[in-house]
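Subject: Structure for you to look over

Hello,

Here is the structure we talked about passing on. My notes follow below it.

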Amino acid sequence: MLTQACGYSGPLINKREMNRMRTGIVTRRAMLALSIGGLAAGAFARSPAGAETLDRQDLYSAFEKHGFTGTFALFDVSANRLVLVNGKRANKQFVPASTFKIPNSLIALETGVVKDENEVIPYGGKPQPIKAWEKDMPMREAIVASNVPVYQELARRIGLERYREWLARLAYGNREIGTAVDRFWLDGPLRISAVEQVRFIANLAQKRLDASERAQSIVRDILRIETRDDAVLYGKTGWYVTPEEQVGWWTGWVERQDKVFTFALNIDMRRSEDAPKRLSIGKELLAELGVL
């Protein structure tokens, strides 16, 4: 079976149960006082990039009580502090699936294969596993619907040579794209870790990527999800699916006043009904850490 990868929350063709999931026991929720700046929750270390790293394994109960195995990384940009829940997995690379629509949108704009976020892109006219994808869409709409065929059309316009150049410029994941120009972020060989995701997103959130300010501003705008109180939430989901494995992603950032907090979550999934848990677990952890 060909793999599918998306951020869509509706049912997919593959609903095969995953036997490797373990069911956790609900433990005490971490107190808000032991948030990003807390000192009592774990030992600090220095990451290779120089950020202070805090292990918050006490927050793993957010995964356990829902019966999921996963990881969460949060980067406090102003404090240069990295918070990890299940740190070993946070440094493990996975296929990015539809979270790659973030750099993909940027690359499409920078290479000129699409004029702007409102130019309508054809999906190709073929039947799709998700009916919502059977529609020509502008990038602004396609990233919300996580429309795979629309982004595959952009990928074919971009081409492998320009992808190699841009993934190196953006320092994105393992930078490996293989030979299938419209599948490498869906099936691999492209892979990225949660820690790499938060560092990439931190540069985008601050418009510090090696790309134009215009393109970064557009991508920021189409990733905006909601505003609550004094916080603005941006993000993109992803879903890597094969008959043997399913990995769900959610990555993005929160802006609060003059501070930026970038995050990345991934979980092992079993069925399409698990998809909403990416956001619910992620938002619970953002709340526990005093970010959202």
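A term is needed before the notes start: a residue is called buried here if its relative accessible area is under 20%, exposed if over 50%, and partly exposed in between. Please also keep in mind that this is a predicted model.

Helix α9

Helix α9 spans residues 213–222, and its buried residues are A215, Q216, I218, V219, R220 and I222. Among the elements covering these buried residues of α9 are the helices α3 (101–111), α4 (139–145) and α8 (194–205). The cover also includes β8 (224–228), β9 (231–241) and β10 (246–256).

One of these neighbours can be described further. The axes of α8 and α9 come within 9 Å and cross at roughly 110°, which makes α8 roughly perpendicular to α9. On the α8 side the contact is made by N203, L204 and A205, and on the α9 side by Q216, V219 and R220. Sorted by class, the residues of this contact between α8 and α9 are 3 nonpolar, 2 polar and 1 charged. Q216, V219 and R220 also appear in the list of buried residues of α9.

Helix α3

How much of α3 is buried? The count is 10 of its 11 residues, so α3 is largely enclosed by the rest of the structure. The buried residues of α3 are K101, I102, P103, N104, S105, L106, I107, A108, L109 and T111. After α3 comes G112, which has a positive phi near 80°.

Helix α5 (residues 148–158) packs against α3, with axes that come within 10 Å and cross at roughly 45°. The two helices α3 and α5 are therefore oblique to each other, and their crossing is left-handed. In this contact K101, N104, S105, I107, A108 and T111 of α3 meet V148, Y151, L154 and I158 of α5. The residues of the contact of α3 with α5 comprise 6 nonpolar, 3 polar and 1 charged.

Aromatic residues

There are 12 aromatic pairs in the structure. One of them is formed by F100 and Y163, whose ring centres are 6.2 Å apart and whose planes are at 45°, a tilted arrangement. F100 lies in the loop between α2 (87–90) and α3, while Y163 belongs to helix α6 (residues 160–170), so the pair ties together parts that are 63 residues apart in sequence. F100 has a relative accessible area of 0% and is buried. Y163 is likewise buried, with a relative accessible area of 0%. Both residues belong to one aromatic cluster, which is made up of F100, Y163, Y172, F184, W185 and F200.

Backbone points

Which peptide bond is cis, with omega near 15°? It is the bond from G188 to P189. P189 sits in the loop between α7 (184–187) and α8.

Two asparagines have a positive phi although neither is a glycine. For N80 the value is about 55°, and for N86 it is about 70°. N80 is in the loop between β4 (70–76) and β5 (81–85), whereas N86 is in the loop between β5 and α2. N80 is partly exposed, at a relative accessible area of 30%. N86, at 16% relative accessibility, counts as buried.

R89 and S280

R89 is in helix α2 and counts as buried at 10% relative accessibility. Leaving out residues up to four places away in sequence, R89 touches T69, G70, T71, F94, V247, N266, I267 and D268. V247 is within the range given for β10, and G70 and T71 are within the range given for β4.

S280 is in helix α10 (residues 277–288) and counts as partly exposed at 32% relative accessibility. S280 and A62 are 218 residues apart in sequence, yet their C-alpha atoms are 9.5 Å apart in space.

If you open the model at a single place, I suggest α3, since 10 of its 11 residues are buried.

Regards

Methods:
Residues are numbered from 1 along each chain as its sequence is written. This is a predicted model: local features need pLDDT of at least 70, side-chain atom pairs count only at pLDDT 80 or more; totals for chains, interfaces and linings use all residues. Side-chain values use heavy atoms; hydrogens and water are left out. Buried means under 20% relative accessible area, exposed over 50%, partly exposed in between (1.4 Å probe, protein chains only). Helices (H or I, at least four residues) and strands (E, at least two) are DSSP runs, numbered from the N terminus. Contact means heavy atoms within 4.5 Å. Axes are lines fitted to C-alpha atoms, for helices over the stretch in contact, and angles run from 0 to 180 degrees between N-to-C directions. Angles under 35 degrees count as roughly parallel, over 145 as roughly antiparallel, 65 to 115 as roughly perpendicular and the rest as oblique. A crossing is left-handed if the near helix is turned anticlockwise from the far one by less than a right angle, and right-handed if clockwise. Ala, Val, Leu, Ile, Met, Phe, Trp, Tyr, Cys and Pro count as nonpolar, Asp, Glu, Lys and Arg as charged, and the others, Gly among them, as polar. Rings of Phe, Tyr and Trp (its six-membered ring) pair if their centres lie within 6.5 Å; planes under 30 degrees apart count as stacked, over 60 as edge-to-face and the rest as tilted.
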